[in-house]
Every structure is written in structure tokens, then in C-alpha cells.
Amino acid sequence: MSNRPILLVEDNPDDVELTVRAFRQNNVENEVVVAEDGEAALRVLLEEGLSPSVVLLDLKLPKLDGLEVLERMRADERTRLFPAVILTSSREEDDLVRSYRLGANSYIRKPVDFQEFIEVVRQIGMYWLLVNEVAHDEAGMT
Amino acid sequence: MRRLLRSRPLLEVGRAVAEAVAAGSAAVVLLGWLLAVPALEYWIPGRPTMKANSVLAILLLAGALAVRRRRLVSALLASIAGAVALLSLVEIGFGTSLGIDQLLFHERPGAIGTTSPGQMSPVAASTIAVLSVAIVLIGCRSARHVLVGQLVAVLAFLGALTSVLAVAADTSQLLAFGHTTVLSVPTAVALLALALAALLARPDVGVTASLVRRGFDGFVLRASLCAAVVVPIAFGGVREAFRSAGLEATAAEWLYTVLIVAAFGAFAWILARLLGNAISDYTVAAERLHGIVEHSPLAVVTLDPEGDVVSWNPGAEQMLGWRADEVVGRPYPLARGQELAEVRGELAAVAAGRQLLLEQLRHRKDGSEIVVRVAAGPLWAPDGAFAGRSIVLTDITRQREVEAELLRLNEELELRVETRTAELTAANEELRALSYSISHDLRTPLRALDGFSQALLEDYAPLLDAQGSNYLHRIRSASQRMDGLIDDILGLSHVTRVELEWQCVDVSGVARELGDELRRANPGRDVRLEVEDGLEVDADARLLRIALQNLLENAWKFTSRTERAVVEVCAAERDGQRGFSVVDNGVGFSPVGADKLFRPFQRLHGASEFPGNGIGLATVMSIANRHGGTASAESPADGGACFTVTFGGGGGSPLTEAAAEAIA
């Protein structure tokens, strides 16, 4: 299992709390780094050089929204290969298509039912932390 | 002015024939001289020969006419012929020989009717001299010279006619002035033809122009001339016939006079009749024209060549403000101020023979503006000269105003459509933003409600009694219901916004697919679905599917208490629109409040009775409206329900009432 931290980009403290709770309930012990807006997320990734196992991105965020963060990540050599999963309430077809266009690795809708949500988070942990091999381009890291 | 002349080709042919006869006669005689065949020189036995110099002079004159467009050459040829004739006249007059008679050919002495061998007759010489003068003048550029030339040619023609008549009656020796040479047959023929050709050379000018003019005057002139020539000649023949039959000369003379009087009397009577009819026709036509002009609402004006007003009809008085007596005899009053130069230009163009049709802003007598359509054209005098202009003015001020108003209204309408379109686009955009916000923001608190309730249940279970757990479960299920409601509202909003793609949809196939899905989703239910075969409708396939899904789900739901549930899908038609009906044998609904069925969030059954949120039928109505169709429901007294959806042929409005209500 990857020990790298999980970057959770989410402005709503309730959702942060519930997501972290869901990870813990699924026995995911990785550090969860929270960025409350798009700018903070980029700062953590580009300035602080965080190398997460997966970035969970909400779409509606203050300052830079999730899609803009994704676009910047994909444009930067250092963050280009990080797995990015859109985790959002939106069920708009448009959001889904644009996310994949900009290079999202996955698009997941947050269910309202918390038990379903726990299941979703379990699968995220299962796949991105356990099964998936992350390509970290060390040459690109400074 | 050309149209006043008789057709040119005919005149051209006449002239060419006359020239050919003149030149041909001379040429035949020339051949006789060359080949020494006397018959060709005199044509009729016992008559004098045509002399070589006459042949030469006539050929020169015919040549001069043929090349008359090259003035100098033509004049030179005619002058040589004239010189030969004059020299011959000198010889005849003084009884001497200048040695010119035998220059070309020798004539044997003692030829018939010939005083001096080879010398032309005095008649021939003088006619040729006169003709040469006429042809030189006719070749001139100036119309006046041509006219004089034609008069001289008439003189020559009369001389030639006299000669021909004399020759025909074999009395040409009478014209020989005693001892001199007698006129020959070929010479007489050639001279007459030549004089005719000279007259026809310029049919556009002078005497000939009058003679060949179209119209009544030309006809009268031609008829009179013909009569003046033919009648005396014909009756002259009659007189000679009576005389030779033994009638005394004086009596024959009387008879001749009476015949001439009778003939010309008859001729005058016919002419008077024709003239009377023509004048009467003309008067009627003129009156008719006058009436039209007087009663016309258009301004009809005529101007003389200088631009002064000749006539000014009541229409013009009415339209332009000037009375006829104020403007007749004075310059055209519309040519004033800044319009002067413009009008002058137009008048000049008309004078040049052009027809004008244009629209202009002009000023009335009182200075007010008027927009007129001007139709102006030249008037020609009977002689083809420019006689002035006719001007017809139509007042199109009102028409222009209406056009401008129409244009303005159109622009306004376009602007309004643009504004409305922009408003609609903005409203759609707002709607889209709203759905996005609902989709995202409304769910987040719900998730918190559900999530933290669950957290309480998990982490604080020992502190909660049964009632407390129950409440938390209720909070959770309420959150989840609201989540479903949000989905339905978004679905309805999607239906109102999505762009229609019309195609032929296999309703039977879609209904069977949906039926299978419903059976799988409700394994405990036994519903018999009867679908009519070959049911097809023109609609958007995705929306039709959503509508049919909603109706079938409803049918499934409301037959849940029916023992033998049957749901039927069949073709339907309402107000000429095609569609389908979904009929079930479920609980049906009370007719009271049935009209609310298709409004969003309206339900006729309690939630505990049948679950639902009242969006399904609103979505169905919205889909029908989007297609320009409608949805309706009936429920017979003995239970069951029938829902009918129709699809119009055209595009429905993108924002329907139902949708607007749903958003409000």
C-alpha cells in the first residue's frame, strides 16, 4: 500500500470531515492533506512539493475551481502524472466530459447516502492506494 | 423621326434599280458601239442611235450617284459629264464642231435623225447638263443644297419624262428644234431612270422626304402626283385613239378635257372623304387623349423645345400648386433654386432623345417638399424635328413615407426580436446556472445531514434511545428523498433545455424495452404489458423515452393493488396530432383536480399511499410541449387511467409554461 499522502481539495468542512471519516472507517491510514481552495492546492503541490498518491478534487471551489486546478496540474511537468480524481456532487454531463477532457483519471459523484459514500471511498482507497501503480516522474521533481 | 419615313430598304432598292436601268441602258448601247451592232445602239429600228458621248455622260452620272458618299470623286465625275453636255450644247448652238463627237467612236454619216455624226441631241445635252448640276448639289452636305439639287433633279425628271413620252409617241423629232439630232430611245430611258435615282439619293431631305413620308400628307402627295402623271397620260392615249378613229381634233380635245375634269373631280372627292375620316378619327383620338390628361390625377405637362410650359393639366395644378395660367408660356416652374442644374441636365437629356424615369425630391409652389416619380420623354414634330418634352409626374410622397415607416417598423421588430432572444438566452443561461448550483450546492448540506446522522448512530449509539435513533433515521431518509427530488427537478429542467433532434421513433420497441426494465426492477409484480405493433412517432428519441418511462412507471405504480394488472400502449390522435396512449386498469384518479395532474409537485394521492414527488407528469407535459404537442389524462368512473401524449410537427417553445412553473 502506498504511504504517500492523499491530497483532498475541498472547501466544505463537513465534506472534509465526512471524507476523512470514511477513509478511517475503511482503514486507510495515509495522511490526508486538505487544501480548502484551488490556490492552496497548487501551493501544496508546486511550492511545498507534496507528492500525493492521489489528488481528490472537488469542482466548486473558491478562487480557482477544480477544473482550473486540474488544468494547471496537467500543464506543469512536476504534477503532470499525479492521479487526479474528481469527487463532486455535480451530476452534470458537461462537468464529466470537461473533467475527462482536461485529463482527470476518474470522475466520481458523491452520493448523499453516507453508507454509499463510505463504499465509494473504500473503492477509491482500494484502487488508488492499493492496486494502482503511480508513475512519479522523479526527473521532473526538483 | 426616322419612323416618319417610308421603309428605307424599299427606297434603297428603288434607287439601285433606277441606277441600274440608267447605267444598264448606257452599257447596252456601249456594247453596241464596241461590237458594231447598230441594233443595240438604237433598240427600235428606224430610230436614231444613242450617241457615244451620251453613253459616256450617263455612265459618269450613274457613277457619280453610286459613289456619292465620296463627295469629291462624285462631284468630279458629275462635272465631267456636265462639261461634255455643255460642250455639246455649244456645238449645237453655234453649229460648229469642237471635235468631241467622234472622239470615242466614228458614226457613219447620214445616220437616222442625226444632223452631225456622233453629236448628241440638244434635249439629251441639256438634260444631262441639268442632271449633272443636280447630282453635284445632291452630293453636298448642307440640306439646303440638297433641296436645291432635288428641285433641279425634278426639272430634269420632267424633261426626261417629256422625252420618254415623245419617244414613245415617236414624235421626238418635234423636240429636235428643226435641224439638230433627234433623241434616241435608250437616251430617253436612261435619263428618266437617272433623274429618278438622283431624286431617291437623299430620301431623308427636302422634296423626296415629303414624298416618301409616312402619314396622311405623304400619302396625299404621292397619290396626287401619281394621278397627275398617270391620268393625263392615260387620257392622252384615249384622245389619240379617238382621233385616229376619226374624231375631229377639237372634239377629241373637248373629250379629253371632260375626262380629265371627271377624273380629278372623282379624285378630289375620294381625297376629301379620306381626309374627312382621318380628321374625324384624329379629333376623336385627340379628345380622348385630352380627357385622359384632364382627368388624370397625375401631373401631365408638355414643354416646348426651349423648356417653356405648353400645357399644364389640372392634375399638375393640384399636385404642384401652380395654376395653368400662371405657368403656361413661362419656364418649367420646378426648375428652381438648387434643382435648376439638375432639371436642366434632365431636359437636355430628353432633348437628346432619351426617355427618363426617375424619382426626385421637388418643391411645390408653396415651397413644401414632394417626392415625385418623373417619366419624361421627347416629343417630335411631324417633320421629325425635336418639338419639346412630355413630363408625367406621380406623387409618391405618401408611398415613400409608408415605405420608410415599414422599414422603421421592420428594424424595430428586428431589434425587439434581438432583445427578446437575448433575454431568452440570458434566462436559459440563468436556468442552467441554477440547475448547476442545485446539482452541486443543495446536495452538500444533504450529505452532511445524512453523514453526521449516520455518524451519530455509529459513534453515540449507547447514548440514544429508540426514539432518538428513529429520529436520526428519519433525518437520513428525508435527506435521501430530497436528493431524489433534486434529481427529478434537474431532469425536468434538462427536458426544457435540451435541443430537439427530430427523428422517427419506434414507440413499440421503446415501450417493450422499458417494460422489460420495469419487470426486472419489480420482480414481485406481475403486470401484463400489451404494446400495439408498428407504433411510430416523429419526435426526439431521448425525450420520448423519458416521457414513456414516466408514464409506464406511473402505470406500474398505480396498478400495484390491482389483481390482474394490465398496461396497454396504443396509438392515439388528438386535434390531428399523432401520439400514443398508456392505459392501465389501476386505481385511476378522481376527476376533481385532474387538471393539476401535469403541474409540478402536484399529487392526487398521499405519499404513504403511492410514493412520488409530482415531477413525472410535469416532465411528460414539458416533453409534449417541447414537441408542439400536449398531454392529457382521463380516468373512467370504474377505475383505470389513460394518459395520452401527442407530438406536433414543428418546434415547440424552448421554455414551456410547465417548465417555467417548475423553476419558479
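## Strands, helices and a chain contact

Let's start at one spot in chain B: E634(B) stands opposite C642(B), a residue of strand β12(B). This is a predicted model, so to speak of local features pLDDT has to be at least 70, side-chain atom pairs count only at pLDDT 80 or more, and totals for chains, interfaces and linings use all residues. Residues are numbered from 1 along each chain as its sequence is written, while chains are lettered from A and ligands numbered from 1 in the order in which they are written.

**Around β12(B)**

Chain B has 19 helices and 12 strands. Helices (H or I, at least four residues) and strands (E, at least two) are DSSP runs, numbered from the N terminus. Strand β12(B) covers residues 641-647, and 6 of its 7 residues are buried. A residue is called buried if 20 or more other C-beta atoms lie within 10 Å of its own, exposed if 12 or fewer do, and partly exposed in between, with C-beta atoms placed from the backbone. Across the 664 residues of chain B, 34% count as buried.

β12(B) pairs with β10(B) and with β11(B); two strands pair if DSSP finds at least two bridges between them. In the first of these pairings, T644(B) is the bridge partner of S581(B). β11(B) and β12(B) also make a hairpin, with 6 residues between them, and G639(B) in that turn has a positive phi of about 100 degrees.

Here are some strand pairs of chain B:

| Strand pair | Bridges | Sense |
|---|---|---|
| β10(B) (577-584) and β12(B) | 7 bridges | antiparallel |
| β11(B) (631-634) and β12(B) | 4 bridges | antiparallel |
| β1(B) (299-303) and β2(B) | 3 bridges | antiparallel |

**An open sheet**

That last pair belongs to an open sheet of 5 strands in chain B, ordered β2-β1-β5-β4-β3 with antiparallel pairing. Its edge strands are β2(B) (309-312) and β3(B) (356-363), each pairing on one side only. On average, neighbouring strands here are turned by 25 degrees against each other, direction ignored. Where β1(B) meets β2(B), T302(B) stands opposite S311(B).

**Two packed helices**

Helix α16(B) (507-521) packs against α17(B) (541-558) at an angle of about 45 degrees, and their axes are 10 Å apart. That angle makes α16(B) oblique to α17(B). Under 35 degrees counts as roughly parallel, over 145 as roughly antiparallel, 65 to 115 as roughly perpendicular and the rest as oblique. Axes are lines fitted to C-alpha atoms, for helices over the stretch in contact, and angles run from 0 to 180 degrees between N-to-C directions.

The contact between them includes V510(B) and L514(B) from α16(B), and L548(B) and W556(B) from α17(B). By class, the contact has 8 nonpolar, 2 polar and 2 charged residues. Ala, Val, Leu, Ile, Met, Phe, Trp, Tyr, Cys and Pro count as nonpolar, Asp, Glu, Lys and Arg as charged, and the others, Gly among them, as polar.

**An exposed glycine**

G93(B) sits in helix α4(B) (71-94). It is exposed, with 11 other C-beta atoms within 10 Å. G93(B) and P122(B) are 29 residues apart in sequence and 8.8 Å apart in space, C-alpha to C-alpha.

**Where the chains touch**

Chain A gives 17 residues to the contact and chain B gives 15. Residues are in contact if their C-beta atoms, placed from the backbone, lie within 7 Å. On the side of chain A that touches chain B, the elements giving two or more residues are α1(A) (13-25) and α5(A) (114-131). The largest share of that side, 4 residues, comes from α1(A).

Notes. Two residues are in contact if their C-beta atoms, placed from the backbone, lie within 7 Å.
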